[in-house]
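Reader: I would like to go through the geometry of this structure before setting anything up. Please show it to me.

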Amino acid sequence: MGLFLKSEAPSISPQPSCRAQPRIMIAVRQAQRVIITGATSGIGAALGRRYARQGATLGLIARRKPGLEQLARELPVVSEIYPLDVRDSAAVAAAGHEFVARHGAPDIVIANAGVSVGTLTDHADDTRVFEDVIDINVIGVVNTFQPFLARMREERRGSLVGIASVAGYRGLPGAAAYSASKAAAIAYLESLRVELTGSGVKVITICPGYVATPMTAENPYPMPFLMSADAAAEKIGAIIARGSSYAVIPWQMAIVARCLRVMPNWLYDLLFARAPRKPRRPF
Ligand SMILES: NC(=O)c1ccc[n+]([C@@H]2O[C@H](COP(=O)([O-])OP(=O)(O)OC[C@H]3O[C@@H](n4cnc5c(N)ncnc54)[C@H](OP(=O)(O)O)[C@@H]3O)[C@@H](O)[C@H]2O)c1
């Protein structure tokens, strides 16, 4: 919490005999409360560090408890940790309710947890992987927002942020599950944004291009406009602060994404048919 001094004219009408005297009011600026999923690694951990620098109170979620404990130890702010799987709606709800009971409703909820792995439809084994990718990258986002939404609506404030991907713009060969999950996330976030019009709660969709994290560490192809996780977190934080409803980062990738969206199928197929693919593997 930060204290700041504010000079203010009296809020009640002065008596006719009194001259209006400026009053010094002490107001308390509440630090932001931020929930971040996928906080043990990459973009999520960088977002934790970014908001900690601003003095935020954090709710950090991911499956690996030691990773959450380590990040919380490093951050000089109050950080609640919730080791859980975002597919487990009951666990996410319990964590959400506990955070709200301790700290109040969050100002920002960032659904960032996600997985990326190659999948191929002709491999029966990949069906289970396909389900997991959709569950984590789409249902996980729904589960993350759900426990906070009623309270944020009541208070008519706050931002729900989904980290989607440029991979949701077109179907990437070899990454069908990932592309489908991010396309679904983009559409889900748009539905939610329109549903919440006029409620005071913002919905923000962010589509990063390539970010250097464990998710991309073994990609066997060139990654144009690759950003560090810290640079991505800075850009994401700035977009959230501006309250934009939709953004692709970095700006160079926004141009690529626009081109991809309008590209005719024949040209897209020609360019991407032989593109190197994300390796298949269980996770
Ligand atoms: N890196 C990129 O180039 C890129 C580009 C566009 C979009 N994105 C998106 O950005 C987000 C973050 O990716 P990243 O690059 O930072 O990847 P990352 O380093 O692999 O981090 C992914 C995070 O998600 C968590 N997670 C995964 N499955 C989870 C589950 N079931 N429940 C709870 N937490 C789970 C992981 O923690 P645990 O393993 O501890 O659970 C980890 O903290 C993802 O949604 C990704 O799709 C990344």
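Author: The questions below deal with the sheet, the helix packing, the backbone and the ligand shell of this predicted model.

Reader: In what order do the 7 strands of the open sheet run?
Author: The pairing in this open sheet is parallel. Its edges are strand 5 (79-83) and strand 11 (246-249), each of which pairs on one side only. Neighbouring strands are turned by 15° against each other on average, direction ignored. Read from strand 5, the order is 5-4-3-6-7-8-11.

Reader: Which residue of strand 7 is the bridge partner of Ile 110?
Author: Strand 6 (residues 108-111) and strand 7 (residues 159-163) pair in the parallel sense over 4 bridges. Ile 110 has its bridge partner in strand 7, and that residue is Val 161.

Reader: What angle does helix 5 make with strand 8?
Author: Helix 5 (residues 176-195) packs on the sheet, where it touches strand 7 and strand 8 (202-208). The direction of helix 5 makes with that of strand 8 an angle of about 160°.

Reader: Is helix 4 roughly parallel or oblique to helix 5?
Author: Helix 4 and helix 5 have axes 9 Å apart and pack at an angle of about 20°. Angles under 35 degrees count as roughly parallel, so helix 4 is to helix 5 roughly parallel.

Reader: How many nonpolar residues are in the contact of helix 4 with helix 5?
Author: On the helix 4 side the contact includes Val 129, Phe 130 and Val 133, and on the helix 5 side it includes Ala 177, Tyr 178 and Ala 180. The contact also has 2 polar residues and 1 charged residue. The count of nonpolar residues is 13.

Reader: Is helix 1 oblique or roughly parallel to helix 6?
Author: The axes of helix 1 (residues 42-53) and helix 6 (residues 229-242) come within 8 Å and cross at roughly 60°. Angles under 35 degrees would count as roughly parallel and 65 to 115 as roughly perpendicular. The crossing angle therefore makes helix 1 to helix 6 oblique.

Reader: How many charged residues are in the contact of helix 1 with helix 6?
Author: Among the contact residues are Arg 50 of helix 1 and Asp 230 and Glu 234 of helix 6. By class, the contact has 7 nonpolar and 2 polar residues, and the charged residues number 3.

Reader: Is the crossing of helix 3 and helix 4 right-handed or left-handed?
Author: The axes of helix 3 (residues 89-103) and helix 4 (residues 126-155) come within 8 Å and cross at roughly 40°. That angle makes helix 3 oblique to helix 4. The handedness of this crossing is right-handed.

Reader: Which peptide bond is cis, with omega near -10°?
Author: Most peptide bonds are trans. Pro 250 is found in the loop between strand 11 and helix 7 (251-262). The cis bond leads to this proline, from Ile 249 to Pro 250.

Reader: What is phi of Arg 156?
Author: Most residues other than glycine have a negative phi. Arg 156, found in the loop between helix 4 and strand 7, has a positive value, near 55°.

Reader: Which helix gives the most residues to the shell around the ligand?
Author: Of the 30 residues around the ligand, Gly 38, Gly 42, Arg 63, Arg 64 and Gly 114 come nearest. By class, the shell has 13 nonpolar, 13 polar and 4 charged residues. The helix that gives the most, with 3 residues, is helix 1.

How values were computed. Residues are numbered from 1 along each chain as its sequence is written. This is a predicted model: local features need pLDDT of at least 70, side-chain atom pairs count only at pLDDT 80 or more; totals for chains, interfaces and linings use all residues. A residue is near a molecule or strand if its C-beta atom, placed from the backbone, lies within 6 Å of it. Helices (H or I, at least four residues) and strands (E, at least two) are DSSP runs, numbered from the N terminus. Ala, Val, Leu, Ile, Met, Phe, Trp, Tyr, Cys and Pro count as nonpolar, Asp, Glu, Lys and Arg as charged, and the others, Gly among them, as polar. Axes are lines fitted to C-alpha atoms, for helices over the stretch in contact, and angles run from 0 to 180 degrees between N-to-C directions. Angles under 35 degrees count as roughly parallel, over 145 as roughly antiparallel, 65 to 115 as roughly perpendicular and the rest as oblique. Two residues are in contact if their C-beta atoms, placed from the backbone, lie within 7 Å. A crossing is left-handed if the near helix is turned anticlockwise from the far one by less than a right angle, and right-handed if clockwise. Two strands pair if DSSP finds at least two bridges between them.
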